[in-house]
Every structure is written in C-alpha cells, then in structure tokens.
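Trainee: I am new to this structure. Can we go through the labels and what justifies each one?

Mentor: Yes. Here it is.

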Amino acid sequence: MPARKKWARKDAELVLVCSDVHVPYHDPFAWRAFLARLEDVKPDRLIINGDFADFLSVSLHEDGSPAPDFAVEVEAVRAELARLHKIMGRRPIHYIEGNHEHRYVRYVAKKAPTLRGRETWQSALGLVDFAITSTKYGEVFKIGHLGFTHGVYAGDAYAKQHLLRYGTSLVIGHCHRAQIHTIPVAGPEGSQHVRGGFGIPCLCPVDEAPYLKGPTGWTQGHGEFYVERASGRFTADVVIYTAQRFWRDGKCYDGRA
C-alpha cells in the first residue's frame with residue numbers, strides 16, 4: 001500500500017459546535033468554559049447548533065405563569081452573540097435554527113400573520129450585525145461529508161434515528177445529552193469508513209428543569225470536528241463537561257475558576 005502524504009493543520013478545517021445554550025437561561029459557568037476554549041483554539045468556523053436563544057417570551061405553550069419580557073431576552077442573546085463575534089473576528093459563524101428559535105416563527109404566524117416572512121428571528125436577533133449566516137429548522141448545513149442540524153427526535157436512540165432519517169453523517173443537538181451512533185460503510189477496494197450521528201450536549205443548567213419531574217438526565221458539553229478540506233472526511237470529538245469544567249490538550253477549562 002503506498003504511503004500517504006504528510007498532513008498539516010492547513011489541510012483541515014477546525015469546527016467548534018455549541019448547542020442548546022438557551023440564553024438567557026444558560027449556565028454562565030459552563031458557557032464561560034466554552035468561551036475560554038473558543039478563544040484558545042481559534043477554530044476556522046463556529047456552528048451554533050440551535051436553541052441558542054430560548055425565546056420563552058414568545059412560547060405558545062402557556063402554563064399560566066407570566067411571560068418574560070421579550071426585549072430583555074433578545075438583548076441578552078444579542079450580548080452573547082456579540083461576544084462570539086468578537087472572539088471569532090472575521091472567521092465565519094453559522095447559526096442553525098432550533099425548535100426554540102422556531103417558537104418565534106410560530107408566534108408571528110399565529111399572532112401577526114401579516115408580518116410572516118418580514119419579521120424573523122434572524123432579524124430580531126440582528127444576525128446581519130454580526131455577519132452570522134443561518135439555516136432553517138430541520139434543514140442540514142454541510143461541511144465536507146459532515147452535516148449539521150438541530151434535531152427533531154428526542155428518544156433514547158436519537159442519534160441513530162437522525163442518522164437513518166438523513167442518510168448522512170450528522171451533528172445533532174436538541175436532546176441535551178451526548179450520544180454517538182456509527183454505521184460502517186464499505187468503500188472502494190475493500191476500504192471502510194464510518195457514517196455517524198454525533199449528539200452534542202447542552203450548555204444550559206442540568207440539575208433541574210421546571211417542566212420536568214425529577215432529574216433531567218442532561219449533560220453539558222460541546223463538539224470539536226476536523227474536516228479535511230480536500231476529501232471532506234472528518235474526525236469527530238464530543239467533549240463532555242463535569243461540574244462545569246473539562247480537560248483538553250492538557251489544560252483544564254473550569255468555568256468556576
């Protein structure tokens with residue numbers, strides 16, 4: 001078998017992924033740990049994989065409690081987007097719509113249908129001000145052979161369900177817990193590669209949720225992916241936090257330190 005070329009850092013794109021932050025109800029310590037990692041590694045691209053904004057103020061799931069102030073929620077989200085924009089500089093940020101951003105779409109459709117298509121969650125958050133591009137809920141944004149979508153399934157085998165539905169390697173959020181499911185795929189001349197579903201944990205509090213009874217079962221974390229520029233092949237890494245900290249490259253990123 002002939003030797004392969006020697007690979008260099010420039011041959012791959014480093015992509016960091018955060019999912020389910022739920023600003024302004026995020027965990028400030030876990031979020032601080034993620035931001036520190038983002039500053040250190042200087043990725044080529046950042047993917048915000050849905051539910052970055054909670055949009056509780058426009059939720060149609062009324063439980064009798066007073067809704068929070070919409071303007072306060074939006075300003076909090078914009079403040080965190082500004083932090084990401086400052087860290088990333090000219091490097092691209094892509095925002096994938098999650099079911100919580102889609103709350104705004106449903107709210108406008110029901111409460112102000114004449115504004116449908118003119119008033120969007122993207123405009124409410126001012127994505128254009130931060131040079132952030134976006135993908136609609138349920139659609140897939142691809143880098144090489146790796147796709148990114150927020151996710152629609154929430155069962156015990158959600159990574160497998162998404163992998164089978166979309167038929168491509170996929171990075172998913174939505175379920176607030178890490179999960180990986182892989183399928184071997186035969187290649188040319190008997191070679192084999194892996195098609196995988198990679199579930200990214202959340203960056204919101206995991207101890208309790210007002211709409212759940214008992215422990216949440218959630219985990220905190222983020223994703224790091226190297227995608228080869230020429231071939232589109234990738235290396236996947238789902239990073240799981242413990243007590244709002246994690247270790248990478250011999251360094252502890254502790255959000256409470």
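Mentor: This is a predicted model. Start with helix 3, where Glu101, Arg103, Tyr104 and Val108 are buried.

Trainee: How do you know that the buried residues of helix 3 line one face?

Mentor: Look down the axis of helix 3. Its buried residues fall within an arc of 145°, so they line one face of the helix.

Trainee: What covers the buried residues of helix 3?

Mentor: The cover includes helix 2, strand 3 and helix 4.

Trainee: Which residues of helix 5 are buried?

Mentor: Helix 5 spans residues 158-166, and Tyr158, Ala159, His162 and Leu163 are buried there. They cover an arc of only 135° around the axis, which puts them on the same side of helix 5.

Trainee: What follows helix 5?

Mentor: Gly167 does, and its phi is positive, near 70°.

Trainee: Now the aromatic rings. How many aromatic pairs does the structure hold?

Mentor: It holds 12 aromatic pairs.

Trainee: What makes Phe70 and Tyr104 a stacked pair?

Mentor: Two values. Their ring centres are 5.7 Å apart, and the limit for a pair is 6.5 Å. Their planes stand at 10°, and stacked means under 30 degrees. Both tests are met, so the pair is stacked.

Trainee: Which parts does this pair tie together?

Mentor: Phe70 lies in helix 2 and Tyr104 in helix 3, so the pair ties together parts that are 34 residues apart in sequence.

Trainee: Why is Tyr104 called buried?

Mentor: Its relative accessibility is 7%. Buried means under 20%, so Tyr104 qualifies.

Trainee: Why is Phe70 called partly exposed?

Mentor: Phe70 has 30% relative accessibility. Buried ends under 20% and exposed begins over 50%. The value for Phe70 lies in between, so partly exposed is the label.

Trainee: Why is the pair of Phe198 and Phe225 called edge-to-face?

Mentor: The ring centres are 6.1 Å apart, with the planes at 70°. Edge-to-face needs planes over 60 degrees apart, so this pair earns the name. Phe198 lies in strand 9 (residues 192-199) and Phe225 in strand 10 (residues 221-228), so the pair ties together parts that are 27 residues apart in sequence. Both Phe198 and Phe225 are buried.

Trainee: Which residues form an aromatic cluster?

Mentor: Trp31, Phe34, Phe52, Tyr95 and Trp121 form one.

Trainee: Which residues touch the most other members of the largest nonpolar core?

Mentor: That core has 38 residues, and Phe34, Phe52, Leu81, Leu84, Tyr95 and Leu125 touch the most other members. Among the elements that give it two or more residues are strand 1 (12-18), helix 1 (28-41), helix 2 (70-88) and helix 4 (121-125). A second, separate core has 14 residues, including Val17, Ile47, Val171 and Phe225.

Trainee: What does Tyr95 contact beyond its sequence neighbours?

Mentor: Leaving aside residues within four places in sequence, its contacts include Phe52, Leu81, Trp121, Leu125 and Thr135.

Trainee: Where is Thr135, and why is it called buried?

Mentor: Thr135 sits in strand 4 (residues 132-135). Its relative accessibility is 8%. That is under 20%, so Thr135 counts as buried. Not counting residues up to four places away in sequence, Thr135 touches His94, Tyr95, Ile96, Glu97, Val140 and Phe141.

Trainee: Where is His174 found?

Mentor: In the loop between strand 7 (169-172) and strand 8 (179-186).

Trainee: What makes His174 buried?

Mentor: Its relative accessible area is 19%. The cut-off is under 20%, so His174 counts as buried.

Trainee: Which side chains make polar contacts with His174?

Mentor: The side chain of Asn99 is joined to that of His174 by a polar contact of 3.1 Å. His150 has one of 3.4 Å with His174, again between side chains. The limit is 3.5 Å, so both count.

Trainee: How many disulfides does the structure hold?

Mentor: It holds 0.

Trainee: Why is there no bond between Cys204 and Cys202?

Mentor: Cys202 has the closest cysteine sulfur to that of Cys204, at 3.6 Å. A disulfide needs sulfur atoms within 2.5 Å, so the two are too far apart for a bond. Cys204 is buried, at 4% relative accessibility.

Trainee: And why does Cys175 form no disulfide?

Mentor: Its closest cysteine sulfur, in Cys202, is 11 Å away, too far for a bond. Cys175 is buried too, with a relative accessible area of 7%.

Methods: Residues numbered from 1 in each chain as written. Predicted model: local features only at pLDDT ≥ 70, side-chain atom pairs only at ≥ 80, totals over all residues. Heavy atoms only, no water. Core = buried A, V, L, I, M, F, W, Y, C linked by side-chain atoms within 4.5 Å. Buried < 20%, exposed > 50% of the residue type's maximum accessible area, 1.4 Å probe, protein only. Helix = DSSP H or I, 4+ residues; strand = E, 2+ residues; numbered from the N terminus. Contact = heavy atoms within 4.5 Å. Arc of directions from axis to C-beta. Polar contact = N/O pair within 3.5 Å; in protein donor to acceptor, adjacent residues only side chain to side chain. Phe/Tyr/Trp six-rings, centres within 6.5 Å; stacked < 30°, edge-to-face > 60°.
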